Amino acid sequence: MTEDEGGAVAESALPDRDTLVRMYEVQTTIKQCDERFRSMLMSGQIALIYYSPRGQECISASWGVHLRPDDYVLTIYRGLHDHLAKGVPLRELWAEFLGRATGTCKGKGGPMHITHPASGLMVTTGIVGAGIPIANGFGLAAQLRGSDQVTVVNFGDGASNIGAFHEGLNLASVWKLPVVFVCQNNQYGEHTPMRMATSVEKISTRGMAYDMAAVTVDGNDPVALWRVMGEAVDRARRGEGPTLVEAVTYRFWGHLMGDAMEYMPAEERQAAMAADPVPRYRQWLVDHGQATDDELSAIDAKARDAIDDAVQFALDSPFPDPSELFTDVYAEVVR
Ligand SMILES: Cc1ncc(C[n+]2csc(CCOP(=O)(O)OP(=O)(O)O)c2C)c(N)n1
Ligand SMILES: [Mg+2]
């Protein structure tokens with residue numbers, strides 16, 4: 001069954017105030033982290049490959065508040081928002097992005113491979129669609145253990161054209177795996193507009209082929225997202241199988257930093273940026289009496305301070321020692 005959810009910020013079935021404010025806290029942390037990465041890259045203070053998730057903050061903030069620390073999340077190279085929503089600590093996250101020995105993977109993974117099992121952030125992959133079958137593995141493991149842990153796997157619109165997506169959704173449906181497939185449809189796969197490469201208008205319709213609950217939701221509407229993600233996570237936790245969630249959003253910046261964005265119509269981009277979901281949600285919280293402007297400014301400032309601290313921590317940290325080159329790289333085989 002495919003449904004449509006969302007529009008403006010929805011009025012019905014609201015989360016409690018703490019949850020609403022927590023979603024904003026995650027969104028502002030992601031937004032500010034992204035701004036810091038981009039300004040440090042542009043000024044030459046740091047050098048790394050960076051895929052901005054700006055514009056997609058609400059999606060991960062909304063599933064983040066439904067998950068427990070022992071639930072699993074998988075994401076892709078454009079994953080900063082997902083890492084932060086799952087609670088990867090800022091210091092270790094920044095240190096890994098900058099390749100330092102204090103990072104989540106001791107500086108050997110870098111931005112494309114953030115992994116932090118203590119937070120449940122199990123995989124960040126650079127291979128399009130590759131997280132989907134791996135998510136099934138986490139789901140199957142939880143099912144076999146008889147635990148009610150849920151796995152959320154994030155991927156893009158482009159990934160829904162990859163074989164692994166179709167194989168993965170089929171198997172998840174057959175085995176009723178506790179997995180939520182979150183397609184973050186940001187309208188582009190690298191430099192190709194979605195409509196030029198994808199056979200369907202709504203990616204959620206692909207769930208029907210696998211007899212899977214599927215929904216398209218406005219990826220800029222935090223309350224609609226919260227509701228849809230909650231239903232999907234609860235379904236998985238009850239052992240009632242997987243859900244495909246298509247969250248329709250827009251990628252504010254090019255595929256990666258340095259992209260000239262010539263293929264993105266300027267008016268289209270300007271319109272999306274003018275409807276920036278993060279300040280829009282901030283205003284909604286104030287207008288609906290859920291938080292005061294002062295309270296939200298304090299949250300913004302707290303996030304900024306935590307980012308300052310994390311950046312300094314990362315810059316002060318050493319690079320991995322060359323003697324560590326092969327440590328933690330190969331698994332030890334225990335026979
Ligand atoms: C299997 C595979 N094919 C091609 C690539 C090259 N590639 C990297 S990102 C990307 C676009 C993916 O688009 P989408 O899934 O929509 O994710 P987005 O980058 O928009 O978040 C491509 C084709 C890759 N990394 N892996
Ligand atoms: Mg995309």
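Q: What makes the pair between ligand 1 and the side chain of Asp157 a polar contact?
A: In this predicted model, an oxygen atom of ligand 1 sits 3.1 Å from an N or O atom in the Asp157 side chain. The cut-off is 3.5 Å, so this pair counts as a polar contact.

Q: How do you know that the backbone of Ala159 and of Tyr188 makes polar contacts with ligand 1?
A: Same kind of check. A backbone N or O atom of Ala159 is 2.9 Å from a ligand 1 oxygen, and for a backbone N or O atom of Tyr188 the distance is 2.8 Å. Both values are within 3.5 Å, so both pairs qualify. As for cover, ligand 1 taken alone exposes 590 Å², and the protein buries 73% of that.

Q: Which residues come nearest to ligand 1?
A: Tyr77, Arg78, Gly126, Gly158 and Tyr188 do, out of the 15 residues around ligand 1. By class, that shell has 6 nonpolar, 6 polar and 3 charged residues.

Q: Is the space taken by ligand 1 called a pocket or a cavity, and why?
A: Ligand 1 takes the largest pocket. A pocket is an open set of points, whereas in a cavity the probe cannot get out, so "pocket" is the word here.

Q: How many cavities of 30 Å³ or more are there?
A: The search of the whole structure turns up 1. The largest cavity has a volume of about 50 Å³.

Q: What makes Gly79 the polar residue in the lining of the largest cavity?
A: Gly79 lines that cavity along with Ile49, Tyr50, Tyr51, Tyr77, Leu80, Phe97, Pro111 and Met112. Gly counts as polar and Tyr as nonpolar, so the lining divides into 8 nonpolar, 1 polar and no charged.

Definitions and conventions:
Residues are numbered from 1 along each chain as its sequence is written. Chains are lettered from A and ligands numbered from 1 in the order in which they are written. This is a predicted model: local features need pLDDT of at least 70, side-chain atom pairs count only at pLDDT 80 or more; totals for chains, interfaces and linings use all residues. Side-chain values use heavy atoms; hydrogens and water are left out. A residue is near a molecule or strand if one of its heavy atoms lies within 4 Å of it. A polar contact is a pair of N or O atoms within 3.5 Å; within protein, one must be able to donate a hydrogen and the other to accept it, and residues adjacent in sequence count only if both atoms are side-chain atoms. Accessible areas come from the Shrake-Rupley method with a 1.4 Å probe; for residues, only the protein chains shown count as cover. On a 1 Å grid over the protein atoms alone, a cavity is a set of points where a 1.4 Å probe fits but cannot get out, and a pocket is an open set with protein on both sides within 12 Å along at least five of seven lines; lining residues have an atom within 4 Å of a point. A molecule sits in a cavity or pocket if more than half of its atoms lie within 2 Å of its grid points. Grid points are joined across faces, edges and corners, and a volume is the space filled by probe spheres set on the points.
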